[in-house]
Every structure is written in structure tokens, then in C-alpha cells.
Amino acid sequence: AITVDVEQSFAPSPRVFEESIEGMLNVFSANQWKTTCFVEGAAAAQFPGLLKMLSEAGHEVGSHGYVHQDQRKLSRIELEEDVDRALDLFASEGVPCVGYRSPFFLRNPALGSVLSMRKVGYDSSCPRIWFPGRYDYRSLPSAPHTGEDGVLQVPVGRVRPWLPLSVEHHKALGFLFPSTPPESPQVMYAHSYSFGSGFKRPYFNRVDNQERTVRSILELAMGASLGSIGELLERAESASFQAQAERQTA
């Protein structure tokens, strides 16, 4: 599955951000890829119609919180307010919120409970890697699974215990990826700035950014079919039913 965190990070101007969205949609259309976009609420508020535009282009749309901040520092009430502000935007545009991804992959301890109460479809906030001082999700199963809070967890994939299945990481450290083929199926992620120009950071997005992003996506996929998290879940469910039927037949 291809996922994109749609946020204004590193954009020096609103126009640069808009151009990155235009570039992203053009790339997906040209390659006939349907994706899952996790949209920062503040960006959606600044650009009315953004959620609907992504949805009408055939992509799933989820929440990336309202403010791109470390949610571990929020109280439960503050977290609920942040989640609800973002969900209100989805409701105002008539776009279903398919899932959630926390900013920086940093999860408030109450996040699962908050998402469960609001019946958000799934949480994709955990990359199966170790990041010193921030999180350690190495023990998570690679397949989608139900967490202790009852929320469906859809982990982000990895190629090494410390290296996520990330377009940005691949563009900077591509020489480390070929030696360890990714597990299948997995969730990869990129950012909206991966498809734009004029960003001062990250440094590896300055030259031929869009072309290099497409190459990285194709290399990370290693020939596998590409789609949204919803499509991945449908394939996983179908495979599960098929395996169950085969066991019953045996």
C-alpha cells in the first residue's frame, strides 16, 4: 500500500504546498495508483476542498491529526480536541475518514481509546522499527491486527529493524535497501513534499524530486501491485478466507 502524509512541513509558501499536491495527484493519475492520504487538519483548513479533491481523485483519505505536533505531550482532553477538530473538517466536506496516523508516529497513550470511541476505521501510527528515544515497534506483527484497545492496527513496513519502508529514506539511503527485500504485503509511506519542488528541506528533495520519488516507489514495491490501505485490507481478508477454506477442505 502507498500512503502519503499530507502536511505543510518544510513548505516555504502556500503555493509551494499546493504545487506539491498537484504534482502528487498527477503522478498517481499517470501511474494509475490509488493511495491512502493522511491529511493534516490545519492544512485542510487552510485549503478548503483539499479533502474532497483527494477523495474525488479516487484516493482514500484519513486524518493526520489537526496540528502536526508531538501528541505525547497532550492531555487526553487536548488529544480529543485535536482529533475532533480534524474529524469535523471531514464531516464539513462530506468525506469519510478511513483511518488515522499520528504526527511523527508518536502515539499518546490514550490514542487507541480516543479513536475507538469515535469509530475511526484503523490506526497506522506504528512503523515496525526502533527509533532511539522515541519508540520501539519492532515486535509488532507485520500484518494488520487488532490492538489491545480494539482498534485495527495497520503497521508501516520496514526493510531493517531501524529502517522503515519510506520513500524519503530510500531516496537518501537507497544503497541499504536492495540487500533486504521487504516483507509482503507492507505499507510504505511518503510525504506530500516528495512530489513538489522549492522545498528547502529535506535536502534530498531538492533535485529531480518527483522523478526520484517515482523511482523509489517502484523499487520499494519490487514488482508487487500497489494500492491503498483499504485495498491491502481487502486482499488480506480474501487471503484469510481462502486459507480458512483450504484448511476446512483439508
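# Notebook: cavity, pocket, sheet, rings

**Cavity.** I searched the whole structure for enclosed space and found 1 cavity of 30 Å³ or more. The model is a predicted one. I noted a volume of about 30 Å³ for the largest cavity. I then listed its lining: S142, A143, P144, V154, P155, P185, Q186, V187 and L232. Sorted by type, the lining of the largest cavity has 7 nonpolar residues, 2 polar ones and no charged ones.

**Pocket.** Next I looked up open space. The largest pocket holds about 600 Å³. I counted 28 lining residues for the largest pocket, and those closest to its centre are F131, R134, H169, Y189 and H191. I also asked which elements give two or more residues to this lining. They are β5 (130-131), β10 (163-164), α6 (167-173) and β11. I recorded α6 as the element that gives the most, with 4 residues. By type, the lining of the largest pocket divides into 18 nonpolar, 6 polar and 4 charged residues.

**Sheet.** I turned to the strands. There is an open sheet of 4 strands, in the order β3-β2-β1-β11, and the pairing is parallel. I marked β3 (60-63) and β11 (188-191) as the edge strands, since each pairs on one side only. From one strand to the next the twist averages 25°.

I went through the pairs starting at β3. Strand β2 (residues 36-39) pairs with β3 in the parallel sense over 4 bridges. In this pair T36 stands opposite E60 of β3. The strands β1 and β2 also run parallel and are joined by 4 bridges. Here I found T3 opposite T36 in β2. On the other side, 4 bridges join β1 (residues 2-6) to β11, and these two run parallel as well. I noted two positions in this pair: T3 stands opposite Y189 in β11, and the bridge partner of I2 in β11 is M188. T3 therefore turns up twice in my notes, facing T36 in β2 and Y189 in β11.**Burial in the sheet.** How many residues of β1 are buried? I get 5 of the 5, so β1 is largely enclosed by the rest of the structure. I checked its two faces separately. I2, V4 and V6 lie on one side of β1, T3 and D5 on the other, and all are buried. In a regular strand the side chains alternate between the two faces of the sheet. For β11 I noted M188 and A190 pointing one way and Y189 and H191 the other way, and all of these are buried. Y189 and H191 are also among the residues closest to the centre of the largest pocket.

**Aromatic pairs.** I counted 9 aromatic pairs. One that I looked up is F17 with F47, a tilted pair with 5.0 Å from centre to centre and 35° between the planes. This pair links distant parts of the chain, 30 residues apart: F17 is in helix α1 (residues 14-31), and F47 is in the loop between α2 (41-46) and α3 (50-56). Are the two rings' residues buried or exposed? F17 has 1% relative accessibility and counts as buried. F47, at 12% relative accessibility, counts as buried too. The cut-off I used for buried is under 20% relative accessible area. I also noted one aromatic cluster, formed by F10, Y193 and F199.

**Positive phi.** I looked at backbone angles last. F10, a member of the cluster with Y193 and F199, has a positive phi of about 70° although it is not a glycine. I placed F10 in the loop between β1 and α1. Its relative accessibility is 31%, so F10 counts as partly exposed.

M222 is not a glycine either, and I recorded a positive phi of about 50° for it. Where does M222 lie? I found M222 in the loop between α7 (209-221) and α8 (229-249). With a relative accessible area of 52%, M222 is exposed. The cut-off for exposed is over 50%, with partly exposed in between that and buried.

Notes: Residues numbered from 1 in each chain as written. Predicted model: local features only at pLDDT ≥ 70, side-chain atom pairs only at ≥ 80, totals over all residues. Heavy atoms only, no water. Pairing = 2+ DSSP bridges. Axes fitted to C-alpha atoms, helices over the stretch in contact; angles between N-to-C directions. 1 Å grid on protein atoms, 1.4 Å probe; cavity = no way out; pocket = protein on both sides within 12 Å on 5 of 7 lines; lining within 4 Å. Points joined across faces, edges and corners; volume = space filled by probe spheres on them. Nonpolar A, V, L, I, M, F, W, Y, C, P; charged D, E, K, R; others polar. Phe/Tyr/Trp six-rings, centres within 6.5 Å; stacked < 30°, edge-to-face > 60°. Buried < 20%, exposed > 50% of the residue type's maximum accessible area, 1.4 Å probe, protein only.
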